[in-house]
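Colleague: I would like to go through this protein with you, one topic at a time. Could you show it to me before we begin?

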Amino acid sequence: AGLVDELHPTVCPKVLGCRTAPTTADGSAVLPLADAPQFKLKSTRRLADELYLVYAKRPRRGGLRAHR
């Protein structure tokens, strides 16, 4: 909860992983879309066929919401 300040996804022309591979959205909690963390594109870098992206977390508007 609140442990991620930035995301660094990479887009490349390869498919990796398997059925049990971890993902960025692992876990059992399901939040309403309005409560999901919001990120803003901070930078991009292209190297050959790969695209490196950096997203910074946006601060919550209206203060903190109580967990249900």
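Colleague: Is Cys12 buried or exposed?

Modeller: Neither, because Cys12 has a relative accessibility of 28% and counts as partly exposed. Buried means under 20% relative accessible area, exposed means over 50%, and partly exposed lies in between, with a 1.4 Å probe and protein chains only. Please note that this is a predicted model, in which local features need pLDDT of at least 70, side-chain atom pairs count only at pLDDT 80 or more, and totals for chains, interfaces and linings use all residues. Residues are numbered from 1 along each chain as its sequence is written, and side-chain values use heavy atoms, with hydrogens and water left out.

Colleague: And what about Cys18?

Modeller: Cys18 is exposed, with a relative accessible area of 53%.

Colleague: How many disulfides are there?

Modeller: The count is zero, where a disulfide is a pair of cysteine sulfur atoms within 2.5 Å.

Colleague: A new topic, then. What is the secondary structure?

Modeller: The protein has zero helices and four strands, and its pattern along the sequence is β-β-β-β. These are DSSP runs numbered from the N terminus: helices are H or I with at least four residues, and strands are E with at least two.

Colleague: How many salt bridges does a search of the whole structure find?

Modeller: It finds one, and the partners are the side chains of Glu6 and Lys42, at 2.5 Å from N to O. The pair links distant parts of the chain, since Glu6 is in strand β1 and Lys42 is in strand β3 (residues 39–47), 36 residues apart. A salt bridge requires a side-chain nitrogen of Lys or Arg within 4 Å of a carboxyl oxygen of Asp or Glu.

Colleague: Is Lys42 buried or exposed?

Modeller: Lys42 counts as exposed at 55% relative accessibility, while Glu6 counts as partly exposed at 32%.

Colleague: Which residues make the nonpolar surface patch?

Modeller: Leu3, Val4 and Leu7 make a patch of about 280 Å². Leu7 lies in strand β1 (residues 6–7) and is partly exposed, at 32% relative accessibility. Patches are made of residues with over 30% relative accessible area and no salt bridge; like charges are joined within 9 Å, and nonpolar side chains (Val, Leu, Ile, Met, Phe, Trp, Tyr) within 5 Å.

Colleague: Finally, how much of the protein counts as buried?

Modeller: Of its 68 residues, 4% count as buried. The accessible surface is about 6,600 Å², and 58% of that belongs to carbon and sulfur atoms; such areas come from the Shrake-Rupley method with a 1.4 Å probe, and for residues only the protein chains shown count as cover.
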